[in-house]
Amino acid sequence: MSKKTIYFILGRACFVISIAYIFPILYILIETDEKNFLTIFFSMMMISFIIGMIFTYYGRKHKKRIKVNESVISIFLIWIILGILGEIPFIATKNLNVIDATLETISNLTAAGVSFLPEKSEYVLKFWQAVQMWTGSFVFLSLLVTILPEVSGCFGMELSLNQGQIFSSMIGQMRTMARKILKIYIILTIISVILFKMSGLNIWDSIIMAMRCISTGGGNYFAGRGNIYSEYAAIFTMLMACGNFLLYFRLLNTILPPKSNFSLKILKKNIVTNLKIFFGNSEVEFLNFTIFFVMIFMTFTIFIENTKFDGNISFRMALFHIVSYISTTGINFIEVGKIPDYDKFLLYILAAFGGCMGSVTGGLKIIRIIILFKLAKTETLKVIHPRMITSIKVSGESVPMKIVGRVLSFFFLSLLTSFIFSVILSLSGQNFSTSVAMTTACLTNIGPLPGICETSDFLKLPGVMKILCCAILIIGRMEIFGFLMLIGLARIDKKRRSW
């Protein structure tokens, strides 16, 4: 194992958090003149940059190819480094203690939105929350198209999208993929900022809401609550976050004809072709189908259960919550207590589903749900017709049985891991059902589930259990196979030392 490669990757992560500190600094310089906040954020920007330079120096002669064990260790350490460097403003301003600040920061970076920050805290800290969410989801996307394929064998990626992208262990090609994903991420964020600004929010609230929604971080802060235009801007942004970002990249790069062959006819043809590819994608079809039918059901039940709501409010409430939970953002339209219990159950199931593979959402991801449904159908047909030769197809492509096996393993291991962590959390005095909900909320990165586990439940946990929640949040972003590989590497290293 090459430590230099790990140092190099950690150095890049430090540079990312250093750049992220520029955003709150700009806000302070433009909107306020509070020197104490400026000193804190500027100091942390320089410290992050210096640490990044140190890591880069020790990793300057890294190998051009990254190995699986190096990938696993790098993924785990990235979140820890980002968490340590990102929590200092919360501690320095005395809004949170060290442990609460750690869970707050890891939650923001993993887009879970478990926030302990007081409502009366300074606006710049709420802005820093949103920046952390946005930065963390960008880091996750970068890992998704660079390091994670080395860890998970890239299962699912080839099923969700046939766009000719090559996932390589070569550092140079990883940089290229990271640039591609950053380009799309920034474009979608800018579109979201424009939508929120057009809805009537000021520029800073627009930026905060865009960052929270496109990163699926969510949280308690919603500047446009009660504003119908802001609500629809949030719905559109969260829907974009559900989609496959590599599919977005393909659409962006193939929709315009070459300059030498540009014509309106070719442009129209490209637009039609790309729309067919996009809406013909199995994950997108499943996503739209699920949202549509659950929306009809929830609109009807909310309208029946709440006599104060007319059809328009019931529709908006249903659509907003469905998109919010399936994207694992977790922002609430109103108090969730006004939603019927069976609708809450549907929302929590949607949160477990998550968005498309290649998105910033948490959860199992839609492609795995599709494969599980088709596998169940196939096995049922085999029982009825034992000699029937069947195959599972997604988006017209046959799914290798190796991929199907990995999906089944992923589902089983996720349930097993959830059960083990739930038992451990229940030792803190929480009832078991709340512990299960808290573990699920962390593994799927949805955050608090109103009516089942609230932010206050996380706040009541002992310090050790809060650290455990941080670990569960990281595992949710690592994917379960990465976590098991990390345990395997630790056992191998222990055996080697005993030799």
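Which residue just after α10 takes a positive phi? Threonine 216 does, with a phi of about 60°. Keep that residue in mind. We will come back to it.

Good morning, everyone. A word of caution to begin with: this is a predicted model. Now the overview. The protein chain has 22 helices and 2 strands. Of its 499 residues, 56% are buried. Now look at contacts between residues at least 6 apart in sequence. Of these, 70% join residues at least 24 apart.

Let's start with helix α10. It runs over residues 203-214, which makes 12 residues. Does its length make sense? At 1.5 Å a residue, α10 should span 16 Å, and its end C-alpha atoms are 16 Å apart, so the two values agree. How many of the 12 residues in α10 are buried? The count is 11, so to speak a helix that is mostly covered. Among them are Trp204, Asp205, Arg212 and Ile214.

Look at the N-terminal end of α10. Asparagine 202 caps it. A side-chain oxygen of asparagine 202 lies 3.1 Å from the backbone nitrogen of tryptophan 204.

Now back to threonine 216. It is in the loop between α10 and α11, which covers 228-242. Threonine 216 is not a glycine, yet its phi is positive. Is threonine 216 buried or exposed? Its relative accessibility is 0%, so it counts as buried.

Compare lysine 94. Its phi is near 60°, again a positive value in a residue other than glycine. Lysine 94 lies in the loop between α4 (68-92) and α5. But lysine 94 is exposed, because its relative accessible area is 76%, and the cut-off for exposed is over 50%.

Next, the aromatic rings. There are 23 aromatic pairs in the count. Take tyrosine 21 and tryptophan 128. Their ring centres are 4.3 Å apart and their planes meet at 20°, so the pair is stacked. Where do the two sit? Tyrosine 21 is in the loop between α1 (3-20) and α2 (22-31), while tryptophan 128 is in helix α6 (residues 123-144), so the pair ties together parts that are 107 residues apart in sequence. Both residues are buried.

Some aromatics gather in a group. Phe23, Trp134, Phe138, Tyr185, Phe245 and Tyr248 form one aromatic cluster.

Charges sit over rings, too. Arginine 368 lies over the face of phenylalanine 410, at 3.8 Å from the ring centre. Arginine 477 does so with phenylalanine 140, at 4.0 Å.

On to the core. The largest nonpolar core has 149 residues. Which of them touch the most other members? They are Phe41, Trp79, Phe245 and Phe458. Helix α6 gives the most to this core, with 13 residues. Let's follow phenylalanine 41. Leaving out residues up to four places away in sequence, its contacts include Tyr21, Pro89, Leu125 and Trp128. You have met two of those names already: tyrosine 21 and tryptophan 128 are the stacked pair.

Last stop, valine 114. It lies in the loop between α5 (98-109) and α6. Valine 114 has 1% relative accessibility, so it counts as buried. Beyond residues up to four places away in sequence, valine 114 touches Glu104, Ser107, Gly447, Pro448 and Phe458. Its C-alpha atom is 9.4 Å from that of leucine 459, and those two residues are 345 residues apart along the chain.

That is the tour. Thank you.

Conventions:
Residues are numbered from 1 along each chain as its sequence is written. This is a predicted model: local features need pLDDT of at least 70, side-chain atom pairs count only at pLDDT 80 or more; totals for chains, interfaces and linings use all residues. Side-chain values use heavy atoms; hydrogens and water are left out. Helices (H or I, at least four residues) and strands (E, at least two) are DSSP runs, numbered from the N terminus. The expected span of a helix is 1.5 Å times one less than its number of residues. Buried means under 20% relative accessible area, exposed over 50%, partly exposed in between (1.4 Å probe, protein chains only). A polar contact is a pair of N or O atoms within 3.5 Å; within protein, one must be able to donate a hydrogen and the other to accept it, and residues adjacent in sequence count only if both atoms are side-chain atoms. Rings of Phe, Tyr and Trp (its six-membered ring) pair if their centres lie within 6.5 Å; planes under 30 degrees apart count as stacked, over 60 as edge-to-face and the rest as tilted. A charge sits over a ring if NZ of Lys or CZ of Arg is within 6 Å of the ring centre and within 35 degrees of the ring normal. A nonpolar core is a set of buried Ala, Val, Leu, Ile, Met, Phe, Trp, Tyr and Cys residues joined through side-chain atoms within 4.5 Å. Contact means heavy atoms within 4.5 Å.
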